[in-house]
Amino acid sequence: MEDLDDPAPGSGGMSECIGLCQTKVCGLLGITGDVWDRFSRSENWSALQAFLSQPSTQSVILTLDGRDLSATFKTPDQGKGSARHLCLLKVHARPLSKATFSSNVVAMELSRGIQEQLAVLSSRVFIPMLQAQARQALTGAKPCGGTCIPPSAARTAAQALQQYVLKVNAAKPALQPGSFLVIPDLGSAELYDGAPDAPTPASRDLLAALDQAAGAWIGQLREALAAIPVVPSAQRWPRAPAFLAAWAVRAESLQGLRDQAAGPGVQRALALLRANASPRLPALERLLAELREACPKAASVARHGAALGPRLAALAGAGVQHLPQTFRPVMLTAILMWQHCPDLRAAPGLMLSLLRHVTDDIAESVRQGTEGTSILVLEGPEAVRRLELCLHVLGTWKSMYLEMAAQHSRTPTKGASMWRFPPATIFSGMDELLERAHDVLGLVNMAARFARLETLELGGSKGRELTASLHAIQTEFKSVLTTMQEVDGDPLDPDCPGYGEAWTSCSWVIQDLERRLACVISLALDGCGTVAASFHVLGCFSAWLHREPVAQELQHRYVELVSMFGKEVGAAAVVFREQRSCPLVGPGMAPFSGAVAWSRGIQERIRGGHQGMASLPLAILNSKGGREVQRAYGELLAELKAFEAEQMELWEAEVDVTSASSLMQPLIRMHRNEGLTQVAVNFDPRISELLQEVATFLGQPDLPRSIPGTALQVHAQASVLQLHVSQLESVVNAWNHMQDTMIPEERAIVDALIIRARLSLEQCSQTTWSSKETSGCVTACVEAVTILSQSLSVLKATSGRIQEILDGWLERPLFERKDGKVFSNLELDASMKGLMTMRLENTAFHSSAVVSILSEAVDSLSIIRESQPWRDYLAHVAGQMLEGLAAVVLASARRLLGVICIHDAGQQCEGGPLLEVTLQCQAGQLVWKPDMHTASGKSMQALVASWLEGFLEVGRAMARPGLEDGRDFHAALQAHPAVQRLYADVT
């Protein structure tokens with residue numbers, strides 16, 4: 001017994017005890033370091049700390065549930081779940097240290113059989129304790145607890161317990177770490193008193209116990225040597241690390257049995273058996289020899305298997321997306337283990353089981369990462385993504401294994417056996433998961449297909465009824481999908497019985513829904529009047545055409561569609577062959593590219609049907625009618641391609657001639673028309689046509705011939721040519737308009753600008769479209785003509801503004817009256833004088849405005865006021881103003897005369913009576929008041945004559961432009977022919 005007064009562990013001793021505890025627990029439960037680290041950060045870590053630090057805490061129970069480790073002091077319920085429970089016991093209630101941990105702490109899994117637990121407990125606790133008590137009693141040493149069991153009682157209890165344990169081990173040997181051979185307590189008694197034939201009673205009992213122990217040893221050794229490491233059934237995932245741990249456990253067990261067999265207790269027992277010629281001795285010695293030979297082999301296998309441990313830990317900790325990155329290291333390490341470990345090659349079953357566990361771990365990791373419990377309630381794209389990732393990862397491992405296994409089996413290492421493990425055994429579990437994943441993926445895709453029915457709207461006379469049928473089918477499928485979603489468990493788990501039963505029952509309902517959907521599709525095809533509409537309907541249901549119920553229903557429909565498409569191809573062929581010589585070219589299109597576009601239109605007419613035929617089953621396409629239609633389509637398509645090539649070849653023959661001759665022509669043409677120089681843009685329409693041809697051909701893919709380089713060069717300059725044409729057209733229009741509208745007075749003022757513009761136009765008439773000087777020539781011409789146009793616009797605007805003033809006078813004549821009012825002669829004369837005064841003031845104001853307008857023109861054009869051209873222009877403006885004043889005078893006079901002159905007896909004056917006139921009888925004579933015809937100057941005739949003369953006074957208020965001697969338009973108005981004629985008629 002160790003000293004009970006060892007000091008309690010400090011911080012360093014506690015960490016060492018935690019490390020020893022971690023090694024023991026991880027080895028027994030087969031867990032990785034990340035599980036232990038997660039446990040050390042959890043809340044129940046304090047229970048394990050109390051067990052390691054407090055002497056009074058003699059037991060603790062560790063529970064592994066999946067990948068979660070926890071500690072508690074309560075007895076677990078072992079009847080539920082797949083959790084594993086490991087019990088840690090202290091032999092003595094004393095502090096733990098590094099030196100006493102292994103001897104004072106006993107670990108056993110509570111889920112094992114009660115016989116194995118009892119055997120371990122008796123071997124490690126009760127027997128050492130009782131034997132120690134007995135030895136203390138014999139030697140007289142101080143007992144550890146202050147009391148002592150009597151020697152006879154201790155010996156009797158130890159022998160009885162040994163007999164029970166021998167029976168237990170004979171029935172079921174222990175194969176766990178620290179396996180033991182139970183040795184009977186031989187004590188100090190002699191086996192023989194003298195004669196070998198007369199053993200004493202005590203010796204007979206001892207010999208019987210020894211023989212019974214030898215029988216138990218034989219069974220235990222035979223079981224240990226023949227046993228293959230297995231993973232506990234409760235360990236579902238990961239199993240491969242636990243399997244490697246089982247290798248180490250087997251090696252440790254065999255080594256422990258070997259060390260105990262070489263110890264003094266077993267050797268003394270063997271000597272006694274040998275001396276008594278026990279019949280069990282040969283078998284026992286043979287098994288011990290096999291044990292000595294098997295220990296290094298098991299150690300070698302465990303040592304090589306340890307190299308795979310980090311690879312498996314990386315595989316267990318990787319996410320689903322990153323799992324393929326761990327496959328090659330795992331496979332390469334396994335191959336290296338096989339190549340460099342002869343003892344492993346001698347036991348191929350171990351490698352086969354290891355590969356099977358690795359494959360099952362990968363499948364389980366993928367299944368858990370896919371989260372199959374929620375796969376049927378996710379959005380369609382997300383569910384499909386997860387399932388496709390699951391299939392991809394599983395397929396990657398399987399294909400990689402088969403590829404590397406085949407390569408290694410063809411080129412084995414020297415001295416190593418072939419890699420010939422049956423894939424069916426390795427991948428049996430993964431194949432079940434693959435099959436289930438394919439089934440679930442099919443259900444998810446089917447849900448997506450049925451969901452599309454909700455958005456489909458069918459047309460035709462029965463469109464509304466058929467659409468309602470589609471929605472009803474989709475609603476029924478929703479109920480089926482809901483049934484599948486309500487199944488408990490993971491759909492991807494092959495061991496989930498509920499999903500398989502639900503899928504079997506629901507698959508019949510789905511098949512019935514597909515048959516009903518096929519009938520709806522068939523009725524929709526009945527309402528299609530064209531091939532394109534029929535194939536459009538099939539395109540809407542393309543996801544269903546491969547389903548067996550739909551394919552069977554539409555079999556005869558496919559034959560009808562092939563026949564209809566054949567007729568469509570025949571009609572298109574007739575149209576093409578009849579109109580080939582004179583194709584229908586659209587308006588605004590070039591002839592050759594238009595012909596090719598017409599051909600493409602025919603191709604487009606039949607291409608949709610041909611693409612629709614590609615979705616039909618191969619049996620329909622390979623039938624006699626299908627082959628005939630495809631042959632006719634191919635022939636027509638070849639003719640259309642040949643026609644396009646022919647049109648492009650004809651166009652290519654004209655391209656070089658057109659581009660060479662047209663681009664050598666001058667930019668503009670100049671000619672004389674009625675003494676004026678007229679110009680026109682000289683751009684060949686064939687170049688425009690060439691540009692249109694190239695632009696159209698470039699927009700059409702898959703041309704039978706390439707576009708000529710000359711045409712491409714011209715097309716590269718299209719933007720420049722179009723810019724030059726646009727600029728020259730604006731120049732030509734402006735020049736011709738100026739030539740038509742320019743008066744001699746304006747021409748004299750801008751004569752220098754006209755000469756400059758004409759020289760630029762002449763330069764353009766001598767420059768060709770292909771010349772390098774074209775851009776500069778066009779720019780100079782645009783600049784010269786623009787300046788000329790702007791200058792002429794100033795002169796035109798000056799005349800226009802003056803004319804606006806004159807037109808305003810016509811709207812306000814020099815005579816006005818109020819409608820319906822009758823004036824006396826004095827009132828009327830005063831009103832006329834006031835109106836004339838206002839009009840004359842207004843005319844004087846406008847006279848100054850005309851002067852300002854002319855001054856602005858002089859400043860804008862930088863004209864010399866004393867130059868003859870400007871004087872001539874002013875004379876032109878004066879004539880314009882004279883005509884305007886004359887028009888105002890004539891309009892005013894005609895309005896006055898229209899009021900007072902009545903030529904017909906029945907004519908009424910405008911606006912009623914103007915002047916109040918009375919007829920009186922004085923001294924027997926009739927007298928007019930006022931007088932009508934006297935020459936005194938106060939008669940009505942004299943009054944009207946004074947008004948007419950007053951109209952001419954407007955000429956005095958308007959000064960003649962350009963004259964500084966103060967002359968006005970009065971004399972000119974008096975001499976104006978129209979004014980003279982009117983006034984002569986009045987007088």
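At roughly what angle do the axes of helix α20 (residues 531-540) and helix α22 (residues 555-579) cross? The two axes come within 10 Å and cross at roughly 145 degrees, where axes are lines fitted to C-alpha atoms over the stretch in contact and angles run from 0 to 180 degrees between N-to-C directions. Helices here are DSSP runs (H or I, at least four residues), numbered from the N terminus. The structure is a predicted model, in which local features need pLDDT of at least 70 and side-chain atom pairs count only at pLDDT 80 or more, while totals for chains, interfaces and linings use all residues. Residues are numbered from 1 along each chain as its sequence is written, and side-chain values use heavy atoms, with hydrogens and water left out.

On the α20 side, V531, S534, F535 and L538 make the contact (heavy atoms within 4.5 Å), and they meet Y558, L561, M564 and F565 of α22.

Helix α22 has 25 residues and reaches 37 Å from its first C-alpha to its last. Its buried residues (under 20% relative accessible area, 1.4 Å probe, protein chains only) include Y558, L561 and F565. The cover over the buried residues of α22 includes α19 (497-526), α20 and α25 (624-662).

L538 is also one of the residues that touch the most other members in the largest nonpolar core, which has 137 residues. Such a core is a set of buried Ala, Val, Leu, Ile, Met, Phe, Trp, Tyr and Cys residues joined through side-chain atoms within 4.5 Å. Its largest share, twelve residues, comes from helix α15 (residues 380-410). Apart from this core lies another, of 81 residues, with V731 and I749 among them.

How values were computed:
Helices (H or I, at least four residues) and strands (E, at least two) are DSSP runs, numbered from the N terminus. The expected span of a helix is 1.5 Å times one less than its number of residues. Buried means under 20% relative accessible area, exposed over 50%, partly exposed in between (1.4 Å probe, protein chains only).
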